[in-house]
Amino acid sequence: MRRSHINYAIDKAHAIAETFRVCLPTFAFLTADAWRQQPLAEWSEVLDLQLGWDITDFGRGDFSKTGLTLLTLRNGALNSATYPKPYAEKMLQIQQEQETPWHFHTHKMEDILNRGGGDLCMQLGWATEEALFDERRTVEVSVDGRRRSFKPGETLVLKPGQGVCLPPRLYHRFWAEKAFVLGWEISMVNDDKRDNHFLEPGGRFPAIDEDVPVKWLLCHEYGRLNVA
């Protein structure tokens with residue numbers, strides 16, 4: 001992704017949050033320059049747990065088609081006395097017809113919610129022991145406390161206000177139909193470095209073409225703050 005596209009995506013994400021009357025935490029508004037003026041010791045939880053903005057094209061090179069805008073609001077760390085929080089929370093912004101590709105989490109259970117906008121469409125399927133897509137096994141999930149059954153790859157449509165609980169090792173892909181979707185994720189501890197498995201080649205974080213200066217640091221770029 002180009003840095004200019006990342007800068008624009010976060011500018012746009014701020015505007016969309018305001019449109020939906022979602023109030024964001026202080027760190028969501030800190031530019032790269034503002035971060036460098038901060039007493040970083042006070043922000044160790046944000047920096048260590050990589051709270052903040054996460055813009056990705058999943059290594060596909062076409063953000064408008066395959067991509068996602070996320071803001072990690074809170075998180076913990078597994079087996080950590082310093083950060084024992086056992087849960088995480090993210091805001092998801094999904095452009096119309098923009099897809100998050102097939103993937104599952106080895107350890108994380110999560111609820112994905114449609115907070116407003118269009119329809120959040122999702123397809124599901126179990127992972128085999130070899131991490132392949134199981135074409136036979138029926139999928140049962142809880143949608144707002146109601147048990148629902150789906151054939152592998154069948155589409156679940158979440159209307160605004162609805163949400164689904166996804167257990168570990170359940171492949172899922174999702175996209176927005178009819179309009180932009182403001183999504184939300186409430187989950188167990190999130191570990192994007194080790195707990196994601198994609199069905200097709202790609203990547204969790206984008207390769208970045210630095211065509212313009214950095215305006216907003218992504219959550220995995222805080223190491224830049226330690227550079228003199």
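Student: Okay, so lining residues of a pocket are those with an atom within 4 Å of one of its grid points. Which residues line the second largest pocket here?

Tutor: Bear in mind that this is a predicted model. In it, the second largest pocket is lined by His5, Tyr8, Ala9, Lys12, Ala13, Ile16, Phe63, Ser64, Thr69, Gln93, Gln95 and Gln98.

Student: Where does the largest share of that lining come from?

Tutor: From helix 1, which contributes six residues to the lining of the second largest pocket.

Student: And how many of the lining residues are nonpolar, polar or charged?

Tutor: Six are polar, five are nonpolar and one is charged. The space in this second largest pocket comes to about 180 Å³.

Student: How much space lies in the largest pocket, then?

Tutor: About 310 Å³. The largest pocket has 18 lining residues, and Leu49, Gln50, Asn75, Asn190 and Asp191 are the closest to its centre.

Student: What's its lining like by class?

Tutor: Seven residues lining the largest pocket are charged, six are nonpolar and five are polar.

Student: Switching topic: which residues touch the most other members in the largest nonpolar core?

Tutor: Phe27, Trp35, Trp53, Leu71 and Tyr222 do, out of 34 residues in that core. At least two core residues each come from helix 1 (3–19), helix 2 (32–35), helix 3 (44–49), strand 1 (52–56), strand 2 (68–74) and strand 10 (170–188). Helix 1 gives the most, with six residues.

Student: Let's zoom in on Phe27. What does Phe27 touch?

Tutor: Leaving out residues up to four places away in sequence, Phe27 touches Trp35, Trp43, Val46, Leu51, Gly52, Leu71, Thr72 and Leu73. Another core lies apart from the one that holds Phe27. This other core has 23 residues, including Phe58, Leu124, Val141 and Phe198.

Student: Now the strands. Why is strand 3 largely enclosed by the rest of the structure?

Tutor: Strand 3 covers residues 87–94, and seven of its eight residues are buried, so the rest of the structure largely encloses it.

Student: How does strand 3 pair with strand 2?

Tutor: Strand 2 and strand 3 run antiparallel, with five bridges between them. As one of the bridge partners, Glu89 in strand 3 goes with Arg74.

Student: And with strand 10, over how many bridges does strand 3 pair?

Tutor: Over eight, again in the antiparallel sense. There, Met91 has Trp184 of strand 10 as its bridge partner.

Methods
Residues are numbered from 1 along each chain as its sequence is written. This is a predicted model: local features need pLDDT of at least 70, side-chain atom pairs count only at pLDDT 80 or more; totals for chains, interfaces and linings use all residues. Side-chain values use heavy atoms; hydrogens and water are left out. A nonpolar core is a set of buried Ala, Val, Leu, Ile, Met, Phe, Trp, Tyr and Cys residues joined through side-chain atoms within 4.5 Å. Buried means under 20% relative accessible area, exposed over 50%, partly exposed in between (1.4 Å probe, protein chains only). Helices (H or I, at least four residues) and strands (E, at least two) are DSSP runs, numbered from the N terminus. Contact means heavy atoms within 4.5 Å. On a 1 Å grid over the protein atoms alone, a cavity is a set of points where a 1.4 Å probe fits but cannot get out, and a pocket is an open set with protein on both sides within 12 Å along at least five of seven lines; lining residues have an atom within 4 Å of a point. Grid points are joined across faces, edges and corners, and a volume is the space filled by probe spheres set on the points. Ala, Val, Leu, Ile, Met, Phe, Trp, Tyr, Cys and Pro count as nonpolar, Asp, Glu, Lys and Arg as charged, and the others, Gly among them, as polar. Two strands pair if DSSP finds at least two bridges between them.
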